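Here are a few exercises to work through at your own pace. Have the sequence and the 3D view open, try each task, and then read its solution.

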Amino acid sequence: MLLLNVFHYLPPLTFTSIWKDPASNIAQLFWPALTVGYRYSAVATRMTARPCWSDAGRLRSDGARQGLGERLVVTRHAMRNALLPVVTAIGLEFAFLLGGLLVTEQVFNLNGIGKLMVDAVVRRDYTMTRPLIMLVAGAFVVTNFLIDLL
């Protein structure tokens, strides 16, 4: 309860459409976006830092530099090695984002694919559940394919 008093924020009881009140819609999306973005930025930061720290000793050696500037060594050698796991992790997290936002949508009372899927499952509306599952699975496959191409 103390946290709610500090931020002067209570989750909205109803969803406000962007067509009715754009300012209210953007205001209600601030905390869910911060919540989701904080988690995914932590994953990207952790994946970026791990290869950079492991390559730090090798990049400082004279054999790695060969007369090149520090910026050129970092961009050509370190970032190329560091970006491979980062791009893979971001791609997988993006694919899980569609299915994983279900909890965020429920907590912050937002209308989205996750809430639609929960409502369809509760109502046993299989004609709505099947396409939604295929949409999430298709997004996962397409994202993995694009990550493999990168």
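**Exercise 1.** In which helix is Leu-29 found? Work out its exposure class and the surface patch it belongs to.

Solution. Keep in mind that this is a predicted model.
- Step 1: Leu-29 is found in helix α2, which covers residues 22-60.
- Step 2: Leu-29 has a relative accessibility of 34%. Partly exposed lies between the cut-offs of 20% and 50%, so Leu-29 counts as partly exposed.
- Step 3: Together with Ile-18, Trp-19 and Ile-26, Leu-29 makes a nonpolar surface patch of about 470 Å².
- Step 4: Now look along the chain to Phe-108, 79 residues from Leu-29. The C-alpha atoms of these two residues are separated by 8.6 Å.

**Exercise 2.** Is Trp-19, a member of that patch, buried or exposed?

Solution.
- Step 1: Find Trp-19 in the loop between α1 (2-7) and α2 (22-60).
- Step 2: The relative accessible area of Trp-19 is 78%. Exposed means over 50%, so Trp-19 is exposed.

**Exercise 3.** How many aromatic pairs does the structure hold, and what is the geometry?

Solution.
- Step 1: The structure holds 1 aromatic pair, formed by Phe-30 and Trp-31.
- Step 2: A pair of aromatic rings is described by the distance of the centres and the angle of the planes.
- Step 3: For Phe-30 and Trp-31, the centres are 5.1 Å apart and the planes are at 80°. An angle over 60 degrees counts as edge-to-face, so this pair is edge-to-face.
- Step 4: Phe-30 counts as partly exposed, at 46% relative accessibility.

**Exercise 4.** Which backbone nitrogens does the side chain of Glu-105 reach?

Solution.
- Step 1: Locate Glu-105 in helix α4 (residues 70-107).
- Step 2: Glu-105 is buried yet has no salt bridge. Lys-115 has the nearest side chain of opposite charge, 7.8 Å away, and a salt bridge needs a distance within 4 Å.
- Step 3: Turn to the backbone. The Glu-105 side chain reaches the nitrogen of Gly-114 at 2.9 Å, and a polar atom of this side chain lies 2.7 Å from the backbone nitrogen of Lys-115.
- Step 4: Gly-114 and Lys-115 are among the buried residues of α5.

**Exercise 5.** Which residue just after α5 takes a positive phi?

Solution.
- Step 1: Most residues other than glycine have a negative phi.
- Step 2: Arg-124, just after α5, takes a positive phi of about 60°.
- Step 3: Arg-124 sits in the loop between α5 (113-122) and α6 (126-149) and counts as exposed, at 63% relative accessibility.

Definitions and conventions
Residues are numbered from 1 along each chain as its sequence is written. This is a predicted model: local features need pLDDT of at least 70, side-chain atom pairs count only at pLDDT 80 or more; totals for chains, interfaces and linings use all residues. Side-chain values use heavy atoms; hydrogens and water are left out. Patches are made of residues with over 30% relative accessible area and no salt bridge: like charges are joined within 9 Å, nonpolar side chains (Val, Leu, Ile, Met, Phe, Trp, Tyr) within 5 Å. Accessible areas come from the Shrake-Rupley method with a 1.4 Å probe; for residues, only the protein chains shown count as cover. Helices (H or I, at least four residues) and strands (E, at least two) are DSSP runs, numbered from the N terminus. Buried means under 20% relative accessible area, exposed over 50%, partly exposed in between (1.4 Å probe, protein chains only). Rings of Phe, Tyr and Trp (its six-membered ring) pair if their centres lie within 6.5 Å; planes under 30 degrees apart count as stacked, over 60 as edge-to-face and the rest as tilted. Lys and Arg count as positive and Asp and Glu as negative; His and the chain ends are not counted. A polar contact is a pair of N or O atoms within 3.5 Å; within protein, one must be able to donate a hydrogen and the other to accept it, and residues adjacent in sequence count only if both atoms are side-chain atoms.
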